[in-house]
Amino acid sequence: DYKGDSCNEIPVGKEISGAPFTSQYAVFFSTMDGNAGKLRLNSDGTLEEIGDGFIFTERDTPDGTRFGLVAAFDLEKYDYNPGTDSLIKVTERTDITRVAPRVEIRKKAPLELPHVLMLIVDKQDKFMSMLRKETENLPKIYDFDLMEGGGHIKGTKIESEELYQKIADILDELFTENGGTFSFAMGDGNHSFATAKCYWEE
């Protein structure tokens with residue numbers, strides 16, 4: 001429900017009308033001119049730039065703690081057609097008729113919050129265990145309870161070149177261990193990612 005001045009940019013500090021926010025959220029956005037960036041949504045309903053980097057997430061739920069890494073992905077390494085050699089593999093058939101309407105919406109959206117989950121094969125938990133250790137003493141950029149019994153979530157920003165390299169090294173290692181055929185599997189949000197791909201190709 002953002003009421004911005006233009007579809008070409010998101011003015012940092014503008015209020016988001018009717019937003020009952022009580023904490024801080026990390027927001028990743030794409031704009032009409034193809035630029036991308038990261039903002040933080042503050043408790044007063046304003047957006048703040050937080051710069052480039054990854055965000056390591058920890059979500060406590062009644063069933064345990066889930067870990068993740070918020071990152072940007074190269075759309076050129078993704079193909080929604082099954083049986084391709086792309087590094088990002090689909091796990092379901094893509095209904096292309098669902099994509100075209102989403103592309104039209106995306107063209108006019110100053111702020112987009114897609115739900116996309118990528119999966120990796122990491123039987124020995126090398127990746128997340130490294131991130132838990134390396135981010136343990138880093139400052140949190142958000143830390144709050146989720147609504148409707150959804151648990152609690154914390155986000156830690158990663159902006160160290162040394163840690164970037166550790167992330168790349170482990171992903172390369174996992175790629176080799178898993179046969180060198182793919183790096184990521186689309187766990188959820190395939191149609192959102194396919195929409196981004198189609199829009200990018202336009």
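Ala, Val, Leu, Ile, Met, Phe, Trp, Tyr, Cys and Pro are counted here as nonpolar, Asp, Glu, Lys and Arg as charged, and the others, Gly among them, as polar. With these classes in hand, the largest cavity of this predicted model can be described by its lining, which has six nonpolar, two polar and no charged residues. The residues that line the largest cavity are Ile 120, Val 121, Leu 171, Leu 174, Phe 175, Asn 178, Phe 182 and Ser 183. About 70 Å³ of space lies in this cavity, and the count of cavities of 30 Å³ or more comes to two.

**The three-stranded sheet**

The model holds an open sheet of three strands, with the order E6-E10-E7 and with mixed pairing. Strand E6 (88-89) and strand E7 (117-119) stand at the edges, and each has a single partner strand, so one side of each is left without a neighbour in the sheet. The mixed character of the sheet can be followed in its two pairings: E6 pairs with strand E10 (residues 184-188) in the parallel sense over two bridges, whereas E7 and E10 run antiparallel and are joined by three bridges.

The following table sets out bridge partners by residue.

| Residue | Partner in E10 |
|---|---|
| Ile 88 | Phe 184 |
| Lys 89 | Ala 185 |
| Leu 119 | Ala 185 |

Ala 185 of E10 thus appears as the bridge partner of Lys 89, and Leu 119 also stands opposite Ala 185.

**The packing of H1 and H4**

Two packed helices are described by the angle between their axes and the distance between the axes. Helix H1 (residues 99-107) packs with helix H4 (residues 190-201) at an angle of about 65 degrees, and their axes lie 9 Å apart. The crossing in which H1 passes H4 is right-handed. On the H1 side, the contact is made by Val 99, Arg 102, Val 103, Arg 106 and Lys 107, while H4 contributes His 191, Ser 192, Ala 194, Thr 195, Ala 196, Cys 198 and Tyr 199. Sorted by class, the contact of H1 with H4 has six nonpolar, three polar and three charged residues.

The two lists can be read side by side: charged residues are present in the helix contact, where they number three, whereas the lining of the largest cavity has no charged residues.

Conventions. Residues are numbered from 1 along each chain as its sequence is written. This is a predicted model: local features need pLDDT of at least 70, side-chain atom pairs count only at pLDDT 80 or more; totals for chains, interfaces and linings use all residues. Side-chain values use heavy atoms; hydrogens and water are left out. Two strands pair if DSSP finds at least two bridges between them. Helices (H or I, at least four residues) and strands (E, at least two) are DSSP runs, numbered from the N terminus. On a 1 Å grid over the protein atoms alone, a cavity is a set of points where a 1.4 Å probe fits but cannot get out, and a pocket is an open set with protein on both sides within 12 Å along at least five of seven lines; lining residues have an atom within 4 Å of a point. Grid points are joined across faces, edges and corners, and a volume is the space filled by probe spheres set on the points. Axes are lines fitted to C-alpha atoms, for helices over the stretch in contact, and angles run from 0 to 180 degrees between N-to-C directions. A crossing is left-handed if the near helix is turned anticlockwise from the far one by less than a right angle, and right-handed if clockwise. Contact means heavy atoms within 4.5 Å.
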